[in-house]
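Reader: I'm new to reading protein models and I'd like to walk through one with you. Could we take it step by step?

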Amino acid sequence: MRFSAIFHLALIMAFCGCTYSVYAQSAVVDNPHVEASYISTYGKTSVNRVEFDGKYVFVYIHYHPAKDASDITISISSRMTMTADSHSPQRIKGWEAIVGGKRMEMELDISYRLWSKEGIDFMLTFPCPYSKISMISISENIDRGFYWRNISLKKSRKRQAKTKNETAQEGGNTVPWNRERGEREKEFSPSDNNRNSRLKQIQWDHFIVNASGSGFAIGENGLIATCYHVVEDARRIRVRGINNDFDTPLYADVIATDRENDLAILKVTDQDFSQIQSIPYSIVSKVAEVGESAIVLGYPLRAVMGDEIKLTNGLVSARSGFQGDTSKYQISAVVQSGNSGCPVFNREGDVIGVVNARLVVEGAGYAIKGKYLNNLIERVTNEVPVQKNHLEHERSITEIVKEVKSYIYIIEIE
């Protein structure tokens with residue numbers, strides 16, 4: 001984000017809470033709860049209101065400049081897009097400034113000098129021709145842009161706290177979970193049994209997703225396989241999708257790595273974690289034959305493609321990878337950024353490899369062979385990985401996807 005002369009605004013939003021309400025035709029949310037946002041020394045922004053009428057999404061923003069900020073201008077790029085759920089991105093329709101209760105239509109890609117030290121309210125408009133939405137992502141598509149992540153459409157509710165006569169409000173900036181850090185946290189005594197969950201909520205408010213990859217369950221006690229390069233520089237790690245819950249990210253730690261073979265094992269450490277349901281696949285150590293099916297399921301290019309799991313299908317093209325690497329397969333299934341760490345299945349529905357790279361020029365994908373993951377699992381658990389007794393016959397891809405997709409997760413890295 002460039003602030004020297006122009007204040008470029010980029011928003012990345014996620015509307016959660018669809019498990020509480022179905023938003024059809026229209027929705028209005030005032031002061032929605034914001035999970036994470038970019039913090040700038042040039043000022044603060046807050047999302048005051050979101051409206052959806054079945055045709056458009058209107059996002060109302062307040063920008064308040066820092067006291068020592070000067071010569072600030074505001075410009076909204078015509079490259080800004082919004083993605084609703086897993087639908088195609090929609091380009092911004094326009095934006096308006098709100099001054100004295102009156103709206104002023106502004107032009108995209110034009111810089112406007114900030115005329116009030118008290119800040120400015122403005123509204124972004126995006127086409128949204130869907131009957132209902134539960135999540136949107138908005139991005140100006142520029143480097144270091146402002147972002148807002150996981151803005152809940154859930155209506156504000158109050159829940160009773162453990163401390164007598166103490167209540168806490170969810171879902172709004174009006175009574176934030178320590179939005180400014182340190183204010184509300186002081187209200188909770190160490191004896192409060194809910195303190196840990198509240199502090200975790202505070203952590204979520206400041207979790208900045210710098211990258212994401214894929215992973216999959218390898219143990220019902222919260223063990224998850226992914227690639228080492230996905231989590232190599234992570235300060236914190238979150239997992240989305242455990243037991244089909246994509247609205248509640250759970251924290252995880254790296255407990256084992258195999259750098260040479262680009263593998264890592266995570267363990268979910270979040271107090272809200274409950275046991276993973278029985279895992280329906282095996283990890284095959286036997287080397288697959290050339291021509292066997294290679295079914296890839298993961299979460300590539302989330303900013304563009306959305307958070308729905310993506311399937312690509314191909315074959316094992318070679319029993320060696322880049323420059324003859326015998327620890328890898330070459331596969332013809334298309335893989336993209338974000339697929340790293342996702343499983344490759346055969347037609348029996350078992351895992352034969354873990355996607356870790358692609359060759360851009362030729363379009364070839366590479367996957368680490370299953371036996372290397374089994375070796376790492378044995379090192380961590382001191383047990384032979386569980387092998388499911390599948391009937392030895394091919395199944396339809398649709399059957400396999402339905403059975404295994406609930407065990408493949410989004411890995412978010414800060």
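Author: Sure, and one term comes before the rest: a residue is buried under 20% relative accessible area, exposed over 50%, and partly exposed in between. Keep in mind that this is a predicted model.

Reader: Let's start with helix H5, then. Which exposed residues sit on the face turned away from its buried side?

Author: First find the buried side: in H5, residues 397-404, the buried residues are Ile397, Ile400, Val401 and Val404. They cover an arc of only 100 degrees around the axis, so they lie on the same side of H5. An α-helix has 3.6 residues a turn, so residues three or four places apart point the same way. The face turned away from that buried side carries the exposed residues Thr398 and Lys402.

Reader: Which strands help cover the buried residues of H5?

Author: H5 packs on the sheet, where it touches E23, E24 and E26, and its direction makes about 40 degrees with that of E23. The cover over its buried residues includes those strands plus one more: E23 (293-298), E24 (310-318), E26 (343-345) and E29 (408-413).

Reader: In what order do the 6 strands close into a barrel?

Author: Take one neighbouring pair as a start: E26 and strand E27 (residues 351-359) run antiparallel and are joined by 3 bridges. In that pair, Phe345 stands opposite Val351 in E27. The pairing in the barrel is antiparallel, and the order is E23-E24-E25-E28-E27-E26.

Reader: What angle does the direction of helix H4 make with that of E28?

Author: H4 covers residues 370-381 and packs on the sheet. There it touches E27 and strand E28 (364-369), and its direction makes with that of E28 an angle of about 35 degrees.

Reader: Now the rings. Is the pair of Tyr56 and Phe58 stacked, tilted or edge-to-face?

Author: A search of the whole structure finds 7 aromatic pairs. In this one the ring centres are 6.1 Å apart and the planes are at 40 degrees. Planes under 30 degrees apart count as stacked and over 60 as edge-to-face. The angle of 40 degrees fits neither, so the pair of Tyr56 and Phe58 is tilted.

Reader: Which of these two, Tyr56 or Phe58, is buried?

Author: Tyr56 has a relative accessible area of 28%, so it is partly exposed. Phe58 has 18%, so the buried one is Phe58.

Reader: How many residues apart are Trp95 and Phe122?

Author: These two form an edge-to-face aromatic pair, 5.7 Å centre to centre with 85 degrees between the planes. Both Trp95 and Phe122 are buried. Their pair links distant parts of the chain, with Trp95 in strand E10 (residues 94-99) and Phe122 in strand E13 (residues 120-127), 27 residues apart.

Reader: Which residue lies over the face of Tyr329?

Author: Here a charge sits over a ring, which takes NZ of Lys or CZ of Arg within 6 Å of the ring centre. At 5.3 Å from the ring centre of Tyr329, the residue over its face is Lys369.

Reader: Where is strand E18 in all this, and which residue in its hairpin turn has a positive phi?

Author: E18 (residues 211-219) is mostly covered, with 7 of its 9 residues buried. On one hand, E18 pairs with E29 in the antiparallel sense over 6 bridges; on the other, 3 bridges join E18 to strand E19 (residues 223-226), again antiparallel. E18 and E19 form a hairpin with 3 residues between them, and the turn residue with a positive phi, of about 100 degrees, is Gly222.

Reader: Asp262 and Gln323 aren't glycines, yet each has a positive phi. Is Gln323 buried or exposed?

Author: Phi is near 60 degrees for Asp262, which lies in the loop between E21 (250-258) and E22 (263-268) and is buried at 11% relative accessibility. Gln323 has a phi of about 55 degrees and lies in the loop between E24 and strand E25 (328-331). At 72% relative accessibility, Gln323 is exposed.

Reader: And Lys328, is that buried or exposed?

Author: Lys328 is in strand E25. Among the residues it touches are Arg319, Asn356 and Ile368. Its relative accessibility is 8%, so Lys328 counts as buried.

Definitions and conventions: Residues are numbered from 1 along each chain as its sequence is written. This is a predicted model: local features need pLDDT of at least 70, side-chain atom pairs count only at pLDDT 80 or more; totals for chains, interfaces and linings use all residues. Side-chain values use heavy atoms; hydrogens and water are left out. Buried means under 20% relative accessible area, exposed over 50%, partly exposed in between (1.4 Å probe, protein chains only). Helices (H or I, at least four residues) and strands (E, at least two) are DSSP runs, numbered from the N terminus. The arc is that of the directions from the helix axis to the C-beta atoms. Contact means heavy atoms within 4.5 Å. Rings of Phe, Tyr and Trp (its six-membered ring) pair if their centres lie within 6.5 Å; planes under 30 degrees apart count as stacked, over 60 as edge-to-face and the rest as tilted. A charge sits over a ring if NZ of Lys or CZ of Arg is within 6 Å of the ring centre and within 35 degrees of the ring normal. Two strands pair if DSSP finds at least two bridges between them. Axes are lines fitted to C-alpha atoms, for helices over the stretch in contact, and angles run from 0 to 180 degrees between N-to-C directions.
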